[in-house]
Every structure is written in C-alpha cells, then in structure tokens.
Amino acid sequence: MNSNYEIVVGLEVHAELSTKTKIFCGCKNEFGAEVNTNVCPVCMGLPGTLPVLNEQVVEYAIKMGHALNCHINSVTKQDRKNYFYPDLPKSYQISQFDIPLCENGYLDVLVGDEVKRIGVTRIHIEEDAGKLIHDADLGGTLADYNRCGVPLIEIVSEPDIRSADEAKAYLDTIHTTLLYLGISDAKMQEGSVRCDVNVSVRPKGSTEFGTRVEMKNVNSFSAAHRAITYEANRQIDVLSHGGKVEQETRKWDDVKGRSVVLRSKEDAQDYRYFPDPDLLTFVVPQEKIDRLKARLPELPVAKTMRYMSRYGLSKADSELLALDKNVAEFFEKCVGSGKCSAKNVSNWILGDVFKILNERRCSINDLALTAENLSEMISLIEKKTISNAAGKTVFEVIVDADKDPNEIVKEKGLAQVSDTGALAAIVEKVLANNEKAVNDYKSGKTNVIGFLVGQCMKESRGQGNPSILKEMVVAAIDNK
Amino acid sequence: MGKLYSLSAAQMKDLLNKKEVTSVEITKSVIDRIEKTDKEIQAYISYNFDEALKQAAAVDEKIAKGEKLADMAGIPVAVKDNMCTKNLRTTCASKMLGNFVPPYNATVVEKLLDEGAVIIGKTTMDEFAMGSSGENSAFQVARNPWDTSRVPGGSSSGSAATVAASQVPVALGSDTGGSIRQPACLCGIVGMKPTYGSVSRYGLVAFGSSLDQIGPMARCVDDTAMLFKSICGRDMRDATSKDYTYKPYGDSVKGIKLGIPKQYFGDGISAVVKEKVYRAVEVLKAQGAEVVEVSLPSTDYALSAYYIISSAEASSNLGRFDGVKYGYTGSKRGSLDELYESSRSEGFGDEVKRRIMLGTYVLSSGFYDAYYKKAKILQKNIAKEFDDAFKLCDAIITPINPTTAFKIGEKSDDPLAMYAGDICTVTLNIAGLPGISIPCGFSAEDNMPIGFQAIGKKFTEDKLFTIAKCYENAVGGFAVKEF
Amino acid sequence: MEIDIKHIAKLARLSIPEEKVEKFQKEMEGIIEMVENLPDLNTEGALVDPSDTMQLRKDEVQPSFPRDEMLKNAPNTAAGCIVIPRVVD
C-alpha cells in the first residue's frame, strides 16, 4: 500500500431478520425451503394484493438502532424504490427513503488495541428480493420467490473507516451484535448478511473525499477485506500514474481476486422513490422505544472491554469469550459463582471447552456441561483437592453429564494425596527404579526432575500432589 | 314472474325470504336477460353462469333448511373486471391480463360470496380503470342503454351499463377519479364512491392506490346501500382500511344543510346540467333541507393534483406487468429488456402508456418535488378546504359530468378533452370523501340522463343515502330504461 | 416544456415506435402543461401524516399458497420455478 494515500471506506450491510413471517405477509420466513413454496399472492406481487407491515420487523430494527446508538424516528413511513428486475416481482422494492427508522448512530469497534468509533448514518427496514438460479441446461434463468419479502435491515455507515482491518472489525462487530440481539441468524453462507462496499482514496492530509467506487457482490467479511485492499490499490495505482478514478459501480470477483465495472455513473438508476400509498405513516410509541432500549443486553465490545479491565484477561481472550453470546453468558455464570478465578475459567473455556465445540461443531448450549459443574471442578483444582490431570478426567464426565464433580472425584478416587507419609514410599520406589535419572540430576541436569515427578504421579495413579512430590523428590536426592 | 331480472335486489330478497321464488329462478332469469341483450350492451368480458347457478342452488338449499340469510344471499351481482375472482379470469380490460386467472378472491368478492351473493360475471371497463368513457377497453366498448350509440361513461362502464339495462340489480364498480359516479350519472342510476378506507381494496387491481375505492351501483338507493353494507368494514389485509360500521339511513332531509360551491357550477358545465342540478336542490329544499353557499377555491388545482398523483402511483403499480410471472408475454424474448419492453408495449393500450409515462416523468429525478410532492401537499389543502366547508353544511351538492353521454368515438382522440370532464368528481378522491351520484332527470336536447352529486364528510355515507332516498321518494323513483 | 419521451419510455420499459414518438411527445407536453399550473407551495419536510396512521400485523404464520396455484399464470416454468431469459450480471 502506498503510504502517501489514505483509504476511505463506507459500508452498507444488509441483514435478514429472523422473524417468524415475512415483512408484509404471513408466509414463513425460512431458509432452504423447496423453491416457490413459501409464497402467496402478496409476496409474489400479484395484481390487487397489498402489504401489511409485520410489527416484529419494526421492533427488531429498533433494537439494532439502540445497539448502534441511533436516534429512533417514532413517526416514519415506507417508500417504493422502483426498478425492473426479475427477482423483484412488483418491480418496486418497499424500503425507506427520507425517514429511516433509525439514524445518526455510531458503533465502537476494537482495532488492534484501539477503540475506533464508526458513525452509523442510518438503519432502515425493507424487503428482500427473490433468488435467480442460472441454469446452463435451460439456457435461461430460473426465479425462486421464497426469499421475496424476507425482512431486511440495511445498516449504512459513515465514511469513517480508514483501512481494510477497520472494515473487517466493523463487520465482525455488526455480525456479533446481530447475534447478541437475537434478531438475525446472520449466516453469511446462506446470504442472510451481505454487504456493499464504498471505497475511495485521497492523499494523506487531504480533507476532501476522493471519487467513490461502489463494490457489489461482496459475499463475506473476509471478501470485504480483500475487495477493499484490491480496490484501494487499484485507485492508488490510477492516481499515482496521473489518472482519474471514475465514479462507478464495480462487481467484486472473489475467486479471481479482482473487480470489474458493472455500470458507470451515466447508467445510474433513477429509482423514482415515493411514499408507498398502500402503507400509511406508522408511529412507534415513545414508551415502546424506551422499553426496547431498557431491555438491550450488554454488547460484545462493551463485554470485551469489561473482561479486560475487570478480570485482567487479554484482549484476544476477552474477545473470544464475548464473541458468542452463549459462551459469554456461560463464562459469566462460572465467574459469578465466586468459586474460582476468571482467568482459570477463561483458560478452561477457551481450551478444553472450545476444543469440544470445534470437534462437535456445536454450540455451548448443546453440551450437558453446566456452569455450576465446571466452576466446581475448577475450584477443586484451585483448592488442590484434585490435580490438573484429574481435572481433565472429571471434565470428560461433566461435559456430557450433569454430575457433581465431588461425586466423580469420590467415585473415581481422584482426590489428590498430599500426605507426605503416604507419598514417601512412592518417591522411594521411583528413585530406586531410575538410578540414571537420579545421577543425571546430581551431575547438574536438574531438568530431569520433571520426569521423576511424572513417574511419581504415574505411580500414584494421578492422585499425588505434584508440587509436594517435587519437593519430596528434591529432598530425597539431596539427602542421598 | 316473467321479469324476475328487472326486480330490485330488495324485491328479490323479499321474494326469497317469502320463498315465492328461488335464487336459481332469479339467476336463470338474469342469465337469460344477459344472453338476450348483451350482444347489444356488451357489458361483460366474462360470464360466470355455471358457477352462478351453483352458488344460487347452494343458497336455495340453505333457504330450504330454514337458515337465516344475509342481505345479499341469492342476489345476482356483477363485478367490475379489475377485482380478483378466484379461478375466474380477471383482465382489467387489458390485453396484458387477457388470460390472467387469479388464485385468490378480492376481499369484497369474498364478503359477497360469504353472504351467498351470486357472482354473475365480470364487467368491461376502461383498461386498468383509466378513462371516463369505457372506450379504452382492449376487448369491447359497453353501450349506454339509453342510446347504444353513446358511451356509458367510465371507467366502470360495464357495471353501469348492465345495471341500467336491467341485466342485474346491482354491480360493483371502482372509483379513482369518478369511475363509479360518472358512468352512474350518464346511465341514470345510483352509484356511490365510499370514504377512502371504508371498503377494502385488497384484490382490486391498483390504479392510483391512494385514491382507488370500490363502491356499489344500482337502480335505486336501497339496493345501493344494501350492497355497500355487505362490502364495507376494516380488512386486516388492507393497511389503509379503517374501522367502519355501517349505519342505517333515513329518508328525511329536514334540517340538513346543503352546501353549494360556486366553483363547481362554472363555464365548463353545460347549462342543461346546471339547470337539472339546481332543480334537484330545489326539490330537496322543498323537503326541508337548508341551502348555503360554500367555497372550495382550490378546485381548479384538483385536476392537476389528481393526474399527477394517480399517474405516479399507476406508473409504479403497473411495473409488475412485465411478461415474466403472469399475463401477456411479448413477442421478443431474447434478453430481459426485450422481454420487458415488448410485453409492456404490446400488452398495454395507448392511454395506459400515456399515464405510465406521465407518472414516470413526474417521479423522475429532479421533478419529484415540483410535481408529486407538491400535488400531495395540495391534496391536504383541498381536504382542509372541504373540512372548512363542512363547518357550514352537512353535505355538498354539485354536478357530476359537464354534459350528458357523448357518442362513441366523439372524443376518444383527445386525451385532454377527456381529462377535463373529470373536474367535478376527482376532488372527492383527492380528499378521500364519500360521494353519491343521484339521477335527476333527462336532457331535453338528447334525452340522456343527468345526475347530481352529494358529497359528505368522511364516513357519513348514511347521510348521503338519506339525501338520496329523500330525493328518490320526492320524485317518485328513478326512470328505468325499458327495452 | 420539452420532454425526452424516449428517456421516459426507457425508464418505464416501454418502446414507442418511431412513428408514434411525435404524437406521444405532443400529448405528454399538453398534459404536463395542464398539470403545471400548481400554485407555489413550500415542499420542505417529508410526506408523513401522524393523524392518519396504520396498524401493524402480528408476526403470525399464515399458510402459503400451493406452488401450482402460484405458477399457473406464468408463461414459462421449469423445476418449480419461473423461467426468464438469461440474466447476465
């Protein structure tokens, strides 16, 4: 990247809302149904049909508005955006033009160790379009209207983003926020979150914006990172060779890693927005707006920062814990039990628990593991009632069964032995059987101590207290 | 019972209740009448005779079982061909929808069927309800029963003609700028455009969504009210519909104040029409009504606001007709744009194209504020003027059409001349008010019917029916064309 | 007022045959002239009317329509979908 230039990025994120029904009709809002089965005269735009707005869509959008610190417009309306395309059966999309439901907000994101505030211009509600399936055999295109009328929010950022990393951090935060609020499945691979990227560059120090290029077809957040990097470099290349960046819409091809012109400024669409006469003004009572705000959960960035300051966890660990609402809740329950340290809980969750989640590709809520059992087990280790190794044995049980760790320790005889009398015989035996190691130690290779303690642990079937064993081994050799 | 078809709906209902006739007998009589006269009147695009007879038989069965019947049970009704009827072709008199068979019923149709009404067929109209003569039909031009060389008015041309020709007692029309009241006036029958929001628009193929309203047409006031009663009320499928409960009406205008706005009696209105309307006011005065002068100064702008708003909305509403999902598919299908352009250019008639282009123009980049937004603000001002006028009176009396029905082909080449005729009717749609067209005699020049309009405050349809009923009684009923 | 009738027709996806362009052009200009007589009004602010509002719908599932019913008017279908000319984007 040429360091004489600064990148300016604005993002438009479309997220499908996870309501039970579509935005304007009672058809099911679900992904993956057989083609054209979740359709009715309303969402297929048959002549004579009329839209009726789903109140849940408004609530979900307001929640997101609150999460992004927006002003909520209590008096608003819906507008028609007119254009012809076969995935849009009415030839207009019902959207919001001059009074979005939410506007003038911001989102704090973590970029490296810095908190960066990115302005949110607006969030509006609108309907999704259908899906076109290109069929080579038919030599034509097939239209599936199941997705028509699925509710969307469009989140438009200010051009406050200055790097591909910032863009990625912003998108990741939007993504986790959607999941936290429980208002979207936010599944990138199902297309339920999509984004358009606006990129311009300008000489460092300049206060004026450069010519903006819009990039479509950015289908994942990592693709957004690649697309921004590519496009910024392309523009810098044009400018540094004395050229001019054209205002245009480009299409990102993630496989080839490049963008191509989709349409130029001259072909800009004239959408002929006007208020939808089928949908009157709608008013959201202030008390409802306030109630939704009061119910807002703590959001991922705030959580991350709290974990760092309150529990002294690293940023990376805090972010990982806060990323998934269910994991964060689990973590906080464990910590809240007051039985064990946050650091140890964090280590267990990010280590052994995450390993299981990855292996099984499941959510923490799918496990039988409870916060009570995990924190009890960790407290047993902390109290040295059991060894770390014994802890792992307990974990293997409690991960799939709601069983008191104390019971498991008793049943399996895992309680750690700290009584030097009981351990002396073991130490004696191990030293006798490992004369070479003892001699190595004596000749200064002190690191064999670990091996000797390990042998003692093995001999004690894991029940010996390793730190006491270590002391005893050292003392026994020195005394020889 | 030779002329069952010519009875009023109220009379039919009475006979059905007394079990003196069956709905099948009535329906057969109506079918027979249509078969004999429709070659001349050309009111229908689609007949629904087989289904109608089944619907009638079902009602008769209920009567035989002694079940209590709703008002419209067993009564034949004609439906304008822009209201969706499940499994019955709904064309909007357009080549575009020539073979369109809806998979659902409009709410008004559903309500009528629930009451046991007999849907006899779908009536012709101006294409997509754009027009005021009935001549803009892609299929056939309905005739005025009083003189079949003349237009019946429009756009609810077929519904007006079939009622006036005593083919059926009642019909549904739709009114965006006068499309119920004007043909009712020109055919000498009663027609009402209800308050915007009192009747569901669900299933009415939209023209100007913020102006469109479905309403009843009949040869007498009681039938008009009876049909209205069965279709009004809030519909959860129409977000613009309102809670509305039908209120019974009376027949006395004693103490009712009638406002006369001078702006509606200007030079554009023919002397013969003015004279008949003034005479109707005298009749009501004699029945005890008071008459006051009121002013509606923005009337001149209403026509402009109407054409801007209705065309803008139409240009968007008619975007869905693109040759892809239903309706006419154009001759060129190589690319998407070819498919769109050939479907729309071949499927729509010239008047529809004109309005789509006007609407596209007024919404296009750079013109929105000057046209559409201004027209919407003007709409509020016009509504406000009516509110002020209604502080002085209970209803406003005006003419409906500047002249009597003209000859077929006389004006159809001049869109502007056609538009000017809408001046007395569009203001109500702009203001969302109810209005009723009441016959008030015939022109001595051409013997064609003339009507007057009573306009009410929102949701005062009962008052309009009262005025109309009083007038009907005072003149001894309305003339019916015999032939 | 000169109207670019071809541009408007293109926006509306209508093709006006060359011989009819002039007729439409004249008619449209006449209509525009008629509707242009609007008075001077302040057009600031958005078109909302808090005195005339709508009720919203509960998020409750209603049955969808059978696919055959929904596709029965389509000119060309295959594999449960509507077939359209190849879209290149």
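At what angle do helix α6 (residues 315–323) of chain A and helix α7 (residues 325–336) of chain A pack? Before you select them, keep in mind that what you have open is a predicted model, which holds for every stop of this tour.

**Stop 1: two helices of chain A**

Select residues 315–323 and then residues 325–336 of chain A, and you will have α6(A) and α7(A), whose axes are 5 Å apart and make an angle of about 110°. Angles from 65 to 115 degrees count as roughly perpendicular, and the two helices α6(A) and α7(A) are therefore described as roughly perpendicular to each other. To see where they meet, show the side chains of L321(A), A322(A) and L323(A) in α6(A), together with V327(A), A328(A) and F331(A) in α7(A), which are the residues that come into contact. Sorted by class, this contact of α6(A) with α7(A) has six nonpolar residues, with no polar and no charged ones.

**Stop 2: the sheet of chain A**

Now colour the strands of chain A, and look for an open sheet of nine strands, which has mixed pairing and the order β2-β6-β7-β10-β1-β11-β12-β13-β14. At the edges of this sheet stand β2 (71–72) and β14 (258–264) of chain A, and each has a single partner strand, so one side of each is left without a neighbour in the sheet. Then select α1(A), which packs on the sheet and touches β2, β6 (102–111), β7 (114–127) and β10 of chain A, while its direction makes about 165° with that of β7(A).

Within the sheet, follow β1(A) and strand β10 (residues 151–157) of chain A, which run antiparallel and are joined by five bridges. One pair to pick out is A15(A) with its bridge partner in β10(A), I153(A).

**Stop 3: two asparagines of chain A**

Next, centre the view on N36(A), which belongs to the loop between β1 (5–16) and α1 (55–67) of chain A. Its phi is near 50°, a positive value in a residue other than glycine. Is N36(A) buried or exposed? With 27 other C-beta atoms within 10 Å, N36(A) is buried, because a residue counts as buried if 20 or more lie within that distance.

Move on to N217(A), which you will find in strand β12 (residues 213–218) of chain A, and for which phi is also positive, near 65°. N217(A) has 18 C-beta neighbours inside 10 Å and counts as partly exposed.

**Stop 4: where chain A meets chains C and B**

Show chains A and C together, and you can trace a contact that takes 43 residues from chain A and 32 residues from chain C. On the side of chain C that touches chain A, α3 (67–71) and β2 (81–85) of chain C each supply at least two residues, and β2(C) gives the most, with five residues. The residues on this side of chain C divide into nine charged, four polar and 19 nonpolar.

Zoom in on β2(C) and on strand β9 (residues 140–144) of chain A, because these two strands run antiparallel and are joined by four bridges, with pairing defined by at least two of them. Within this pairing, G140(A) stands opposite P85(C).

Then switch to chain B, where 34 residues are in contact with 24 residues of chain A. The side of chain A that touches chain B has 15 nonpolar, four polar and five charged residues.

**Stop 5: a loop and a helix of chain B**

Stay with chain B and select S155(B), which lies in the loop between β3 (118–123) and α5 (157–164) of chain B. The peptide bond that leads from G154(B) to S155(B) is cis, and its omega is near 10°. Continue into α5(B), where eight of the eight residues are buried, so this helix is largely enclosed by the rest of the structure. Among them are S157(B), G158(B), A160(B) and V163(B). Just after α5(B) comes S166(B), which takes a positive phi of about 55°.

**Stop 6: the nonpolar cores**

Finally, select A61(A) and V77(B), the residues that touch the most other members of the largest nonpolar core, which has 258 residues. Helix α9 (residues 299–317) of chain B gives this core its largest share, ten residues. Around V77(B), leaving aside residues up to four places away in sequence, you can display its contacts, including M72(B), L112(B), I120(B) and V168(B). A second, separate core has 31 residues, and Y307(A), C340(A), I349(A) and F395(A) are included in it.

Definitions and conventions:
Residues numbered from 1 in each chain as written. Chains lettered and ligands numbered in written order. Predicted model: local features only at pLDDT ≥ 70, side-chain atom pairs only at ≥ 80, totals over all residues. Core = buried A, V, L, I, M, F, W, Y, C linked by C-beta atoms within 7 Å. Buried ≥ 20, exposed ≤ 12 C-beta atoms within 10 Å, placed from the backbone. Contact = placed C-beta atoms within 7 Å. Axes fitted to C-alpha atoms, helices over the stretch in contact; angles between N-to-C directions. Parallel < 35°, antiparallel > 145°, perpendicular 65-115°, else oblique. Nonpolar A, V, L, I, M, F, W, Y, C, P; charged D, E, K, R; others polar.
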